[in-house]
Amino acid sequence: MNLANHLHRPVYSINYRLAPEYPYPAGFNDCLRVVKVLLNSKKNSKDRKWVLMGDSAGGNLVASVSLKLKEENEKLPDKQILLYPLTYWDHSSDSPFKSITTNGYDYGLTIKKVQEYMEMYEPDKQKRKSPFIAPLMAKDLSGQPDTLVITSEFDPLRDEGEAYGQALKEAGNQVEIHRLLDTVHGFIKYPPYLEPVEKTYKFIHDFLSH
């Protein structure tokens, strides 16, 4: 509701199935199916622009769905917004991303929680390396929607989110990356009058305006 009010745009929320009752690819397929229906609706006008947006695991699903649409030569959204997204498969101390260890113990979302979630989402470690679970593993990131990546300073997922944005940029896509200082994972759910949320809405508004 806050997002729709601030952006003055209609917002659709996908009620996808969740792990552990419904592991991958249930939730992914739910999102993919709904996005295809919306993007290909006969009621779409020429001026309608579709934007996919998600935070955390939702950001992961947005990135993964866009990759799948490209692979299947389907219509893509015009833009995508990834808020502190999960983009890699390993969230143990062996991760190549520094923020996993520096921010992984004391800021609410711990790497233990992330790793447990990933194990519920896809129990098979090798299968977690799929680009539709770990978008950073994609071999081809070209032809993706214009992308806004927003990360949080004290978030274990910070570095992998920024790395995905950089990888998209290096593949020739239009990408903006912003790190919100003095924030932790999940800050978009704070009251809308707080500075980090206001800044995020400003970034989103500007991104959608050009």
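## Tyr-12 and Trp-50

A residue counts as exposed when its relative accessible area is over 50%, and as buried when that area is under 20%. Keep those cut-offs in mind as you look around this structure, which is a predicted model. Tyr-12 has a relative accessible area of 52%, so Tyr-12 is exposed. Trp-50 comes in at 13%, so Trp-50 is buried.

What do Tyr-12 and Trp-50 form? They make a tilted aromatic pair, with 5.8 Å from centre to centre and 45° between the planes. Tyr-12 belongs to the loop between α1 (2-7) and α2, while Trp-50 belongs to the loop between α2 and β1, so their pairing ties together parts that are 38 residues apart in sequence.

## Other rings

There's plenty of ring-on-ring contact to look for: a search of the whole structure turns up nine aromatic pairs. Tyr-88 and Trp-89 have ring centres 5.6 Å apart and planes at 40°, so theirs is a tilted pair. With relative accessible areas of 15% for Tyr-88 and 12% for Trp-89, both partners are buried.

One aromatic cluster brings together Tyr-24, Phe-28, Tyr-117, Tyr-121 and Phe-132.

## Charges over rings

Trp-89 has another partner worth a look: the charged end of Lys-129 sits over the ring of Trp-89, 4.6 Å from the ring's centre. Lys-79 does something along those lines with Phe-207, its charged end sitting over the ring at 4.7 Å from the centre.

## Helix α2

Helix α2 covers residues 26-39, which makes 14 residues. How far apart are the end C-alpha atoms of α2? They are 20 Å apart, and this agrees with the 20 Å span expected at 1.5 Å a residue.

Several α2 residues are tucked away from the surface: Ala-26, Gly-27, Phe-28, Asp-30, Cys-31, Leu-32, Val-35 and Leu-39 are buried. Phe-28 is also one of the residues in the aromatic cluster. And what covers the buried residues of α2? The cover includes the strand β1 (51-55) along with helices α3 (57-71) and α5 (111-121).

An α-helix has 3.6 residues a turn, so residues three or four places apart point the same way.

## Arg-158

Over in helix α6 (residues 158-170) you'll find Arg-158. Is Arg-158 buried or exposed? Its relative accessibility is 13%, so Arg-158 counts as buried.

Leaving out residues up to four places away in sequence, Arg-158 touches Ser-99, Asn-103, Thr-151, Ser-152, Glu-153 and Arg-179.

Terms used. Residues numbered from 1 in each chain as written. Predicted model: local features only at pLDDT ≥ 70, side-chain atom pairs only at ≥ 80, totals over all residues. Heavy atoms only, no water. Helix = DSSP H or I, 4+ residues; strand = E, 2+ residues; numbered from the N terminus. Expected span 1.5 Å × (residues − 1). Buried < 20%, exposed > 50% of the residue type's maximum accessible area, 1.4 Å probe, protein only. Contact = heavy atoms within 4.5 Å. Phe/Tyr/Trp six-rings, centres within 6.5 Å; stacked < 30°, edge-to-face > 60°. Lys NZ or Arg CZ within 6 Å of the ring centre and 35° of its normal.
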